[in-house]
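Reader: I'd like to go through how the ligand is held here. Can you take me through it step by step?

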Amino acid sequence: MATVDEFAHLPMDVRPIARLEAEARIAHILTERWIQHATVDRLLGYLQEAFDQPPRERMENLLLLGESGMGKTMLIRKFERQNAVSFDEATGVQHRPVVVVLMPPQPTESEFFHRVLESIEAPSVRYWSNGGQLRTSAIRLLREIGARVLVIDEINSVLVGSPRQQRLFLQLLRFLSNDLRLALVGVGVPEARHALLSDTQLRSRFSDIELPLWTLGDDLRDFVTRLVWSLPLRQPSPVDSAKLRAILVERSGGVTLGICKAVERAAMAAIRSGRERIELASFDDPEIWHGVAAPGRGTRSQLRGIAVARRA
Ligand SMILES: Nc1ncnc2c1ncn2[C@@H]1O[C@H](COP(=O)(O)OP(=O)(O)O)[C@@H](O)[C@H]1O
Ligand SMILES: [Mg+2]
């Protein structure tokens, strides 16, 4: 029988999980978890400010930048959850103050509005075949559901469009921001800046906010502590070590995804081996680092190439 103090090194909600058998605990480690940290705290504050501004002619928009794997998508999903409202039985309308859209691979107006309709779960999306009708329907629905913030994830995909497509897409964003009085939040890799630079009017309405690569410091120390804390290991892990943090930053290139992956794999190995804790030596195992690499240079330099070509 479990005692009250059992697994006192873990937060209350993780303790019951630590009692489960190995496979169930490993399954738990593999599920998605949200870990709050200082930077996302701050960024959620900016996002909330954008949300709280009253609808007006000139909305303040945000551009959330960060390398791939830094946690941008998780952050906006968190922001979406924070502002979710429940179904209104009286009117039968599902209010959705934050709408998150993933940029289509082709930055065209019709693909974009199809995505908008899909993300607000509008029925029979493909029914609106004609462009103008699609725009009208999407805008009507956005108003109906009480959308206040439209988040466009992977906004850097604009850069793969032809110069004409890019120009038209930026015009569309300007229209959404002016006429719909929605706050826009663009999300993307740092090159996404280029996507907006060519439209000066639009550019001046976006403030950049950033999820920077991790460096050594107190924020990282907190993040690693909380990350390890969230894992159902039966023994306390001595991970408050500058050396361990240096290894994590170096091997991951400072990318959240790599840090999380390495720590999670170390936790799974600790369960399988029966050691039940993570320590510095856990990270000697090359398996822990399989597929973990510094920021994906491939896609980024490709994008950079495109941006340069466009300006030339
Ligand atoms: N706040 C967080 N809490 C827990 N895990 C996170 C967090 N931020 C990032 N991660 C990890 O990093 C991975 C990549 O996050 P994601 O939001 O997809 O990054 P991006 O959109 O910037 O490419 C996630 O799957 C998760 O493993
Ligand atoms: Mg993402």
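Reader: Where does ligand 1 sit?

Author: Keep in mind that this is a predicted model. As for the place, ligand 1 sits in the largest pocket.

Reader: Why does ligand 1 lie between domain 1 and domain 2?

Author: Domain 1 covers 15–31 + 216–289, and domain 2 covers 38–210. Ligand 1 lies between them because its shell takes residues from both domain 1 and domain 2.

Reader: Which helices each supply at least two residues of the shell around ligand 1?

Author: Two helices do this, and they are given here with their residue ranges. They are α4 (72–82) and α12 (256–273).

Reader: Which side chain has an N or O atom 2.8 Å from an oxygen atom of ligand 1?

Author: Start with the backbone: a polar backbone atom of G71 is 3.0 Å from an oxygen atom of ligand 1. R33 also uses a backbone N or O atom, 3.5 Å from a nitrogen atom of the ligand. The side chain you're after, at 2.8 Å from a ligand oxygen, belongs to K72.

Reader: How much of the accessible area of ligand 1 does the protein cover?

Author: On its own, ligand 1 has 570 Å² of accessible area. Of that, the protein covers 82%.

Conventions: Residues numbered from 1 in each chain as written. Chains lettered and ligands numbered in written order. Predicted model: local features only at pLDDT ≥ 70, side-chain atom pairs only at ≥ 80, totals over all residues. Heavy atoms only, no water. Polar contact = N/O pair within 3.5 Å; in protein donor to acceptor, adjacent residues only side chain to side chain. Areas by Shrake-Rupley, 256 points an atom, 1.4 Å probe, with all protein chains shown as cover. 1 Å grid on protein atoms, 1.4 Å probe; cavity = no way out; pocket = protein on both sides within 12 Å on 5 of 7 lines; lining within 4 Å. Sits in = over half its atoms within 2 Å of the grid points. Helix = DSSP H or I, 4+ residues; strand = E, 2+ residues; numbered from the N terminus. Domains from an automatic or database assignment.
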